[in-house]
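Subject: Structure handover and notes

Dear colleague,

I am passing on the structure we spoke about, and I would be glad if you could open it before you read on. My notes come after it.

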Amino acid sequence: MKLRKPAPLHRRLLWWLLGYLALISLAVFSVGNYVHEHAEHSAWRALLNSELDSIVNHIEHEPHYRWQDSDTLRLFTIDDSPGVPAILRTLHPGLHDGVLINDRASAVMVRDTGNQGRLALVLDINDFHELEEFATRWVMLAGVVMILVTVIMASFGVSRLVSPLRSLARHIDGLRPGVPGQRVEVDPRGSSELYVIAAALNDYLARNEQFVERERVFISTASHELRTPIAVITGAAELALEQPALPDRARQQMQRVHRTAQGVEQLIQLLLVLAREPARLAALKERIALDQLLPDIIEDHRHLMGDKDLQISVQGLASVDIIAPLGVVQAAIGNLLRNAIENSGRGTITVSVSDRAVVTLQDPGEGMSPEEIAAVYARMARGDRNEQSGIGLELIARLCEHLGWALTIEPSEPRGTRVILDLGASLPEPGDAHRVT
């Protein structure tokens, strides 16, 4: 399942700010509208009650008093006469706002007065409502403009605020394993927290660099110290094997000692390669003809087949040269061939070399499931040691990463495993000298 890429920090901040502004604006508008309506009702109630009190007082104390309607204020006695709007007959005593009379919004105060019956004082507020709607539209427009301006300004501010963090993230992303002297820098506009993070990271890089250097020096020193006793063991084994009177049982043991010493010598050479910087490996590199080296490697490993019903078939042996440390190439291909032999009971192991220096080994073993192959890659990434794989796929994987090679493991049909070692990074440049054999 593909993981969704997380949103950038500045975008998250902007969305949170936009949501906050929307909630605040909605709350302010709702409260303002409630207060406005409440104040409006209070104003209409006070105005119409005062006017209606005055009218009732005049009617009761002045027999000849007659109310005169104005353009905005009219008085109705609610009865069955045709001049009374029908909607007024449905209203109970009290204030009624927004009543449509003759298609115009009105505020109506209804009161039971006893002698005069039920009176209704109608105030035409249609013009006021239109003005109110006009003001509401402009207030909402101003609110939207305010939100947009705030978001634009916040976007600019957040971008400037997050810019040093993005710069620091790019510096961290640009760090490369094994490259000495790497440090991260903080943008001058960065906050004090970023300087603390950068200082901690730089301190870690410095300590890691010292650790790697100590490890490299130790491996280099230990490997050099081991070469002398291994050379003595190898020389003694070769001298013993040259003795014609050596018993067969002793000869087999001495051959085993000789092969083991050669394997340890290869391991030491691999460790020396890992202890060196890739740029300093030029002194160890030489021109190698893969089509001539591969048959020799196969012959050196035939004894591992023992009494197994196994064969090694070379299919497609292209004439190709590479420039690399000879011992490393021998150890890498030999280790893969050893694994193929040990994991196969019967059948044919096919080996091929392409013109792009890609070595392919396919064994007839039980094969590996995708889960098992994933576990191998995980073990290679962690650098775990596999005691039954010779020098180990993990060490070969580290060498491939060190020298720019590529190691791929995949299941083969109908059964078995295919291992592909791409040595293309060691192909000579067009201007290099011709093959030396």
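What follows goes from the whole chain to its two sheets, and then to a few single residues.

Please keep in mind throughout that this is a predicted model. The protein chain has 437 residues, of which 32% are buried, and its secondary structure consists of eight helices and 11 strands. Its accessible surface comes to about 27,300 Å², with 57% of that area belonging to carbon and sulfur atoms. If one takes the contacts with a sequence separation of 6 or more, residues 24 or more positions apart account for 64% of them.

The first sheet to look at is an open one, in which four strands follow the order 1-4-3-2 with antiparallel pairing. Strand 1 (73–77) and strand 2 stand at its edges, and because each has a single partner strand, one side of each is left without a neighbour in the sheet. From one strand to the next, the twist averages 25°. Strand 1 pairs with strand 4 (residues 118–124) in the antiparallel sense, over five bridges, and in strand 4 it is A120 that stands opposite F76.

Two helices lie across this sheet. Helix 1 (residues 9–61) lies across strand 1, strand 2, strand 3 and strand 4, and runs at about 55° to strand 3, while helix 2 (residues 126–173) lies across strand 2, strand 3 and strand 4, running at about 130° to strand 3.

Helix 2 also holds V139, a residue that counts as exposed because its relative accessibility is 52%, against a cut-off of over 50%. V139 and F29 are 110 residues apart in sequence, yet their C-alpha atoms are 9.1 Å apart in space.

The loop between strand 2 (94–101) and strand 3 (104–112) deserves a look at its backbone angles, and N102 lies in this loop, as does D103. N102 is not a glycine, and still has a positive phi of about 55°; D103, which is not a glycine either, has a positive phi of about 65°. Are these residues buried or exposed? N102 counts as exposed because its relative accessibility is 59%, and D103 counts as exposed because its value is 72%.

Further along the chain there is another sheet to examine. This open sheet has five strands in the order 6-8-9-11-10, and its pairing is mixed. Strand 6 (309–317) and strand 10 (406–411) stand at the edges, each with a single partner strand, so that one side of each has no neighbour in the sheet. Neighbouring strands here are turned against each other by 15° on average, with direction ignored. Within the sheet, strand 9 (residues 358–363) and strand 11 (residues 417–422) run antiparallel and are joined by six bridges, and L361 stands opposite V419 in strand 11. Helix 5 (residues 290–300) packs on this sheet, where it touches strand 6 and strand 8 (346–353), and the direction of helix 5 makes about 175° with that of strand 6.

When you go through the model yourself, I would suggest starting with the loop that holds N102 and D103, and then turning to the two sheets.

With best wishes

Note on methods:
Residues are numbered from 1 along each chain as its sequence is written. This is a predicted model: local features need pLDDT of at least 70, side-chain atom pairs count only at pLDDT 80 or more; totals for chains, interfaces and linings use all residues. Side-chain values use heavy atoms; hydrogens and water are left out. Buried means under 20% relative accessible area, exposed over 50%, partly exposed in between (1.4 Å probe, protein chains only). Two strands pair if DSSP finds at least two bridges between them. Axes are lines fitted to C-alpha atoms, for helices over the stretch in contact, and angles run from 0 to 180 degrees between N-to-C directions. Contact means heavy atoms within 4.5 Å. Accessible areas come from the Shrake-Rupley method with a 1.4 Å probe; for residues, only the protein chains shown count as cover.
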